[in-house]
Amino acid sequence: MLSDLKEYISTLKCDTASNLEACSMDDVLKSLANRARDLGAKYSDARYQDVRTTLIVVENGSLRSYESNRSTGVGVRVLVDGAWGLASSSITDRATLRQKVSEAVRLAKASRKLSANTELAKVRAVEKEVQLPVKIDPDDIPPDTKVKLLLDANKAAKIGPEIKNSTSRLGFLRDRRIFVSSEGAKIKTDITTSGFSQLSVAAANGSMERVPEQRSYCAGYEFIESGDWNAFARDVSQLASKVVVAPLPPPGTYPAILDPELIGLFLHEALGHASEGDLVASKESVLDGRLGSSIASESVTVYDDGNIDGGYLVPFDDEGVPKGKTTILDKGKLRGFLMSRDTATELGLEPTGNARAQSFEHKPIVRMTNVYMERGSLTFDELIKGIDYGFYIRGRGSLGGQVDVGGGTFTFRAGPSYLIEKGELKHMVRAVTLAGKVLETLKTIDAVGKDFTVTTSVFGGCGKDGQMAKVGDGGPHVRLGKLTIGGRVD
Amino acid sequence: MSELLSAAERAVKLAMKRGFDEVEVFSTKIIRREIIYRNKIEAAKTNTLAGLSIRGILNKRLGFYSVSSLDHRDVENAIDQAIKIAKANQEDPDWHALPRKYGKTQVKKTIDENIEDLGAKDLVKEVQLAVDTVQAVEPSLAITRGYISTTVHYNAIANSHGCGLERKETGAASWIAVKAGTSEEKGVSHESSQSHFWKGLKTEHIAKTVSERALKMLHAKPIQNGKANTVWRNDAFASIVDTMLAPTIAADAVQNNRSPWVGKLGQMVASENVSIIDEGKMVGGMGTRAFDDDGTPQRQVPVVEKGILRNFLYDTYTANKENRLSTGNAHRDIGTFSAAANYTRLPSPYPNNLVVEPNSTDPEEVIRETRNGLYVVETIGEWLSNPIGGDVSATVSSGFLIESGEFGRAVKGVIVTSNFFEMLKGKMDLRANDLEISGSVYAPTTQVLDMTVAGD
């Protein structure tokens with residue numbers, strides 16, 4: 001569905017009630033950017049955002065909550081003598097917003113003495129509107145229809161007395177943004193995401209285990225209608241009831257196969273963050289100084305792509321720069337970093353459209369969009385054949401991960417996984433924690449599968465510097481020679 | 001009466017006119033200032049955010065809608081949406097009623113009356129202090145990320161039973177990351193300081209601490225697989241307790257069977273030496289508020305008393321379900337991330353200031369007594385541990401060997417694991433006296449015996 005969008009540029013017209021407000025907002029934003037220039041800003045931009053979210057939760061057969069929110073606001077950003085000043089407000093009358101421009105300029109001037117002398121890389125000022133095609137607006141579906149779907153799925157997950165808790169959720173996000181700059185850029189985006197999630201808790205032999213799992217897609221309610229959520233919820237419960245009696249693996253460092261979900265998480269934590277331009281510019285990243293050098297085997301090619309089926313759609317960043325496809329690793333060689341306009345100047349590279357802000361009130365900072373590995377040529381059987389003793393690490397039921405970019409240590413939590421012995425899959429092991437050092441682990445990738453999946457989540461995202469961003473990730477099945485697995489010695 | 005409380009009361013009246021049986025409105029205003037810096041200032045920022053939520057009940061059916069505005073037209077629209085949701089909703093057999101009485105308690109040191117008068121120059125001066133402190137330790141050190149912020153947070157709550165309350169809190173935060181070394185070998189360290197008071201920030205102290213530690217972390221390596229006795233620095237251990245205990249002692253988790261503590265009330269769940277209390281009125285505590293997000297006064301709740309599980313934490317809804325009183329633990333900030341404002345969520349129970357009771361030992365004495373092991377200073381991924389199954393795991397991003405009771409070489413990149421239920425029952429009995437005001441969970445420096453280490 002997303003691939004259709006490449007050629008799809010819609011025109012938002014000021015002919016419906018819902019668009020009227022957004023349309024007149026263009027002029028407001030333009031006047032704010034101009035006012036900043038009059039007050040002495042060399043560059044300024046203004047961002048308007050209108051976000052609608054709905055989260056519906058059914059737990060153990062009853063509706064626990066149905067929360068809907070609409071958040072709107074304006075943020076202005078001004079560059080005065082190389083210093084950034086930002087001011088934002090959810091109160092959007094003209095007087096308040098004019099006041100905010102003055103505050104932003106005042107803040108920038110106050111920090112001039114210690115300022116980083118920021119300079120923006122040149123970009124073409126673009127005027128464009130991108131609306132994700134949505135067949136069924138989730139807001140048009142009556143609340144009781146959504147609740148009924150959840151109640152049914154929640155019941156389906158109660159597969160036996162061992163399932164102590166079943167929590168099913170529907171989530172919807174519509175994020176509309178307008179960006180206007182003093183350079184003449186004007187970008188409008190309108191992205192809708194829908195998703196279902198299931199958490200099942202199983203108990204047996206005096207122990208308990210939980211398995212969370214979700215599916216999301218950049219689309220309207222048609223995505224929910226296209227899925228069999230009863231079967232999905234039942235599968236999660238079956239996994240929970242199996243894993244609660246599974247053993248923990250012995251701790252140590254082993255070869256492993258990561259499935260597409262987990263290779264995505266691994267790349268996000270181990271490579272994606274380290275390739276963020278702000279962390280490279282500050283020399284915090286372990287990839288600082290390594291551009292052009294070989295940091296992984298030839299089988300590894302990794303992209304950050306704003307428009308990949310299954311991922312979160314980012315046609316433009318919050319500086320009005322188009323987000324295309326950025327090559328991070330090409331056949332093992334470090335080819336690119338993710339850039340904002342100011343980090344591009346600092347590092348002497350080109351902006352890549354990766355300056356993203358959680359909302360109108362946040363400063364755009366360098367963020368990933370969808371990081372994934374290009375597929376290779378091997379089947380799963382060929383990947384597993386080479387492993388004498390190791391683990392098949394699965395993403396279903398995974399909780400996420402974290403990286404210490406400077407120290408170069410990453411970690412993530414897998415879902416229920418499997419032992420591999422003499423090239424064959426053996427018994428299930430409990431959800432495990434994995435860790436490694438970025439540069440060492442990348443080098444141990446020795447075989448890449450030929451399947452391919454990218455996923456995103458309406459429920460979660462990536463946290464950095466106090467901001468949450470919607471991201472996607474994925475790739476094929478991949479074999480790593482060495483990964484540290486936390487377990488238990490009895 | 002503030003603009004915020006009158007906006008809430010107006011919205012309650014409007015919503016009642018539309019036909020709800022009961023209505024509650026929770027409103028918020030946040031003013032935040034922040035400076036983001038590295039060795040130089042990256043940006044100076046200010047935000048104003050205001051909004052409210054409507055919780056309306058119609059024939060035991062709940063409608064909830066929130067909007068980032070106090071404007072009459074937006075509030076009317078929010079009420080329409082809430083009505084629409086309530087009408088389509090399923091009846092909640094557990095719905096009892098909104099509170100008929102709100103209450104407020106006396107709390108100390110939660111408001112810095114001077115924080116609003118601070119100018120950008122004061123924040124810039126604090127950044128300069130951080131930069132100078134780091135440079136004084138070693139000129140080659142670099143601040144890779146840092147921020148200084150102040151927040152003023154106003155909340156009001158009103159309902160159709162004629163109740164109305166408002167509160168204000170202030171906050172200041174300082175966070176810094178420092179790097180030592182070159183692109184070939186790096187040492188990195190992070191520290192933060194939080195307080196309700198601008199003068200309570202310890203920017204100079206944390207800048208010095210991270211600088212010295214980053215230098216030591218330059219040559220950090222993993223250690224061998226096996227078992228080790230460990231000592232956890234207070235903040236790092238608090239984070240484990242936050243992950244493992246905070247979500248599972250909440251009454252909704254217990255009522256819905258997603259807590260390992262179901263049926264364990266009154267039982268010995270920890271060694272006699274362990275007491276854990278939720279101190280809702282802790283002087284200067286970061287979770288201290290005059291009333292919770294339901295309008296109930298906060299108080300002290302013993303959770304584990306000398307090893308015995310005594311209480312769970314309740315908001316009004318979960319308390320009504322068991323026909324008992326709320327413990328003043330309603331929160332609307334759970335499951336949100338950073339700036340997502342509290343008015344956008346329904347209340348659910350959560351700790352206010354959860355405290356693992358300290359002992360009288362000095363932290364240095366805990367290290368000496370441990371003799372040989374691992375001192376854990378900073379971890380990543382500890383929040384991925386499993387509070388339901390009890391598996392604790394964390395990846396050490398900054399730590400030191402303990403050799404003959406003294407600090408040895410730096411350690412990073414190992415996974416340490418244990419079982420939380422076993423930890424409570426005798427593996428964490430040796431604790432120090434160094435409780436610090438930081439987040440909403442507090443623990444002293446704590447020895448954890450016999451952890452599994454996955455390393456080289």
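Q: How many Å apart do the C-alpha centres of domain 1 of chain A and domain 2 of chain A lie?
A: This is a predicted model. Chain A is divided into domain 1, residues 2-243, and domain 2, residues 252-485. The distance between the C-alpha centres of these two domains is 23 Å.

Q: Which element gives the most to the side of domain 1 of chain A that touches domain 2 of chain A?
A: The contact takes 44 residues from domain 1 of chain A and 31 residues from domain 2 of chain A. Elements giving two or more residues to the domain 1 side include β1 (43-59), β5 (163-181), β6 (186-204) and α5 (229-243) of chain A. With seven residues, the element that gives the most is β6(A).

Q: How many residues on the side of domain 1 of chain A that touches domain 2 of chain A are nonpolar?
A: The residues on that side of domain 1 of chain A fall into three classes. Seven are charged and 15 are polar. The nonpolar residues number 22.

Q: Is A:Asn205 buried or exposed?
A: A:Asn205 sits in the loop between β6 and β7 of chain A. Its phi is positive, near 50°, in a residue other than glycine. Most residues other than glycine have a negative phi. A residue with 12 or fewer other C-beta atoms within 10 Å counts as exposed; A:Asn205 has 6, so it is exposed.

Q: What is the radius of gyration of chain A?
A: The C-alpha trace of chain A spans about 70 × 55 × 40 Å along its principal axes. A compact globule of 490 residues would have a radius of gyration near 23 Å. Chain A agrees with that, at 24 Å.

Q: What percentage of the residues of chain A count as buried?
A: The secondary structure of chain A comes to ten helices and 26 strands. Among its contacts with a separation of 6 or more, 76% come from residues 24 or more positions apart. Of the 490 residues of chain A, the share that counts as buried is 60%.

Q: Which element gives the most to the side of chain A that touches chain B?
A: Where the chains meet, 81 residues of chain A are in contact with 70 residues of chain B. The chain A side divides into 26 nonpolar, 36 polar and 19 charged residues. The element that gives the most, with eleven residues, is β2(A).

Q: Which residue in β2(B) does A:Ser88 stand opposite?
A: Strand pairing also links the two chains: β3(A) pairs with β2(B). The sense is parallel, over six bridges. Opposite A:Ser88 in β2(B) stands B:Asn47.

Q: How many residues of domain 2 of chain B are in contact with domain 1 of chain B?
A: Chain B is divided into domain 1 (3-217) and domain 2 (220-456). Their centres, taken over C-alpha atoms, are 23 Å apart. The contact takes 36 residues from domain 1 of chain B, and from domain 2 of chain B it takes 31.

Q: How many charged residues does the side of domain 1 of chain B that touches domain 2 of chain B have?
A: Elements giving two or more residues to this side include β2 (41-58), β6 (186-195) and α4 (203-217) of chain B. By class, the side has twelve nonpolar and 15 polar residues. The charged residues number nine.

Q: Within what arc do the buried residues of α8(B) fall?
A: In helix α8 of chain B, residues 363-370, B:Val366, B:Ile367 and B:Thr370 are buried. They pack against β7 (226-232), β14 (373-380), β15 and β19 (446-454) of chain B. Seen down the axis, these buried residues line one face of the helix, because they fall within an arc of 100°.

Q: Is B:Ser404 buried or exposed?
A: B:Ser404 lies in the loop between β15 (391-403) and β16 (406-411) of chain B. Its phi is positive, near 50°. It has 8 C-beta neighbours inside 10 Å, so B:Ser404 counts as exposed.

Q: Which residue in β10(B) does B:Val304 stand opposite?
A: An open sheet in chain B has five strands in the order β10-β9-β8-β13-β18. Its edge strands are β10 (308-309) and β18 (441-442) of chain B. Strands β9(B) and β10(B) run antiparallel, joined by two bridges. Opposite B:Val304 in β10(B) stands B:Leu309.

Notes. Residues are numbered from 1 along each chain as its sequence is written. Chains are lettered from A and ligands numbered from 1 in the order in which they are written. This is a predicted model: local features need pLDDT of at least 70, side-chain atom pairs count only at pLDDT 80 or more; totals for chains, interfaces and linings use all residues. Domain bounds come from an automatic or database domain assignment. Two residues are in contact if their C-beta atoms, placed from the backbone, lie within 7 Å. Helices (H or I, at least four residues) and strands (E, at least two) are DSSP runs, numbered from the N terminus. Ala, Val, Leu, Ile, Met, Phe, Trp, Tyr, Cys and Pro count as nonpolar, Asp, Glu, Lys and Arg as charged, and the others, Gly among them, as polar. A residue is buried if 20 or more other C-beta atoms lie within 10 Å of its own, exposed if 12 or fewer, and partly exposed in between; C-beta atoms are placed from the backbone. The arc is that of the directions from the helix axis to the C-beta atoms. The radius of gyration is taken over C-alpha atoms; the globule rule is 2.2 Å times the number of residues to the power 0.38. Two strands pair if DSSP finds at least two bridges between them.
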